[in-house]
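Visitor: I am new to this structure and would be grateful for a close look at one part of it. Could you choose a single loop and describe what surrounds its residues?

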Amino acid sequence: MSLAALLVLADGRFPAGGHAHSGGAEAACKAGRIHDAATLEEFCRGRLHTAGLTAAALAAAAALGLDPAVLDAAADARTPSPALRTAARRLGRQLLRAARATWPTAELDALAAAFPRGAHQPVVLGLTARAAGLGPLDAAHVAAYESVSGPATATVRLLGLDPFQASGVLARLAPELDSVSARAARAADRARREGPDALPAASSPLLDIAAQAHADWPVRLFAS
Amino acid sequence: MHLDHGVTYPQRHTHSAEPVRADGSRRALRIGLGGPVGSGKTATVAALCRALRAELSMAVVTNDIYTREDAEFLLREAVLPPERISAVETGACPHTAIRDDISANLEAVEELEETVGPLDLILVESGGDNLTATFSRGLVDAQIFVIDVAGGDDIPRKGGPGVTTADLLVVNKTDLAPYVGSDLDRMARDAAAQRGELPVAFQSLRGEQGVAPVAAWVRERIAAWAAR
Amino acid sequence: MSLTVAGAPPVALRTPAPPGPVPPAPPEPATTPAGVRATARIAAVADGRGATALPLLAGEGPLALRRTRGTGAEAGVMLVGAMSAPLGGDHLTVEASAGPGARLALASAAATLALPGRGGEPARYDVRLTLAEDSAVRWMPEPLVSVRGSDLRVRTRAELAPTARLLLREEQVLGRSGEEPGLLRSRLTVTRGGIPLLDQELACGPGAPGGWDGPAGLAGHRTLGQLLVVDPAFTASPPTAAVLGEFAAVTPLAGPAVLVTALAPDALRLREVLDAACRTYGW
């Protein structure tokens, strides 16, 4: 594993389309559920332990070499909101474009051929980590981090939240990011022996409901 | 760098940037339109669609900071059928979407080519931004920067990447110049000083010529694209 | 009905929870760390004359079963709370299978209360539904109430043949009126033709991972529920996604199924939303 490759992949400026997605923060800001650094932190914590954990485990499993088609079906079943399925596939396709240019491998080409409409982003992320020479725990870390860095960045733009406070939120979540990533990697290892049912399916009903409402807004700044 | 036609762009690693696809077909020419808020980007796009839609198969991608506003304007104006207009969310950062991370825009142009069939021209309209916003060469083949006389006749002198390097600079709303005290000659002189040989079009969409000079420039680019 | 328990508590101490407003906690029964292990088994088969027979209807321990009047081709079964299980340490299982063409409706007479056990160990409640070709099952239990201090893991699995239909309702009430909830961990897994259709895990209450009640969690709501409708007819005409106010949504799944998810301030309002959804998408 190359620590530098991990930094490249996890960099918020890695051009994979994430900047246009708020991870549910736009809907939560508008509803008033996020209105300061403390509520942002609680939002990020909730997302990390639900959608973040699920994504991290899928990414770790893909990095481990589990069948991407099986993982993509598992991701579909874990994403009841059609708005979020669409967002996940779009982000997956955008990440795959960047990944193939950055770490070209036959495995990524095969994934693009198998999923012309895009695979779920965490699955693509796991295979991208593989292509970059990273392992399952690395992939889980990136997925877990993205699950909170997206909402944090978006909230800075949406609320004019002090960016230092947003960075502080992410730093305070670090121990939980580590434990969620480790749990995800362990689950991926179990899924290799027991099948995808061993992957967590943690979900947040409110994130699903709000994502569906957000998709209906006539005017919005973020795609999800 | 801005006159890089005739060569394969070495900096393009995106999988849709090559002019000729794997199957030998040629993708559409992509022209970006950028410029400050209110300078008339959307009106220029609408006028270009009306002027060129009979001779070219066209589509438009909009990047308004508020998603869909521009797309809805174009739809209301019925300049193109709705399936040829696509809107991209920019996460409150319009310049990021056209320069630093062009993923969503590339998706949109590719989807348009897939869904409405072979296209000759795709116009990518940026969200209104500042004078430093330019398009990535990974996204568009040429870019037009639209400013207007009401924004101040010192904008060409101030320069900035948009004014200086765009393949075409459009100075819009020339009909308003007498009312806002803008000196068109001075703007032309300053633009020439900033841009060298690069062309400048003075445009009044209400005037007799309307979008014709810009449309003529687009036709030249289309001809050069087809010849490559 | 038999109890396969070592040193099981007297049945009479475990009063069933009545429907409607939830009363104060019953006196805590004596129990052992081993807890109650009980399984209720139901098998439904088409009888060949247009109705559904129940060749297997076996309750156990706190899980008593009563046959109820069915409607048309559908056989009805009521889960009667003989005891207010599950207590900590208990492990209850409901297994229902519907054979080819069978129609089965499963309901419960009262809300299920998750109660604390003496040893602090978690209780488990498993539901396994197996639906053969052309069968149809309605699993519509009353709410599950997570009482303060309880720790319950609910695992619901439904395996459907591709032509089977399923209507499934889950309602979770976090704490009795004005009470803190217990820890509730629940997972619902539905497969269709062996392919995962829905897999969802929920964890809430004290001890759940952080943020469960925050702005990306329940945001202060104390009841949540969902209605799942799996119907092969949705392949041809899928329901459209819809938002039902700020805290409920209709989401078509990737397969021929629709999930209605709702958060509500109380069980009554939750039921209103799910009943309306049932009238629209269910049968």
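Guide: The place to begin is B:Ser39, which sits in the loop between S1 and H1 of chain B. Please bear in mind that the model is predicted. B:Val37 belongs to the loop as well, where strand S1 covers residues 29-34 and helix H1 covers residues 41-52.

In an unreviewed entry, UniProt lists a "binding site" that comprises B:Gly35, B:Pro36, B:Val37, B:Gly38, B:Ser39, B:Gly40, B:Lys41 and B:Thr42. Both residues chosen here, B:Val37 and B:Ser39, are therefore among the positions named in that record, an annotation that may be inferred rather than shown by experiment.

Let us take B:Ser39 in detail. Its relative accessibility is 1%, and because buried means under 20%, B:Ser39 counts as buried. Setting aside neighbours within four places in sequence, B:Ser39 is in contact with B:Val146, B:Ile147 and B:Asp148, and also with B:Asn172 and B:Lys173. Within the loop, a polar atom of the B:Ser39 side chain lies 3.0 Å from the backbone oxygen of B:Pro36.

B:Val37 offers a contrast. Its relative accessibility is 67%, and because exposed means over 50%, B:Val37 counts as exposed. When residues up to four places away in sequence are not counted, B:Val37 touches B:Gly128 and B:Asp129.

To summarise, the loop between S1 and H1 of chain B holds B:Ser39, which is buried, and B:Val37, which is exposed.

Conventions: Residues numbered from 1 in each chain as written. Chains lettered and ligands numbered in written order. Predicted model: local features only at pLDDT ≥ 70, side-chain atom pairs only at ≥ 80, totals over all residues. Heavy atoms only, no water. Helix = DSSP H or I, 4+ residues; strand = E, 2+ residues; numbered from the N terminus. Buried < 20%, exposed > 50% of the residue type's maximum accessible area, 1.4 Å probe, protein only. Contact = heavy atoms within 4.5 Å. Polar contact = N/O pair within 3.5 Å; in protein donor to acceptor, adjacent residues only side chain to side chain.
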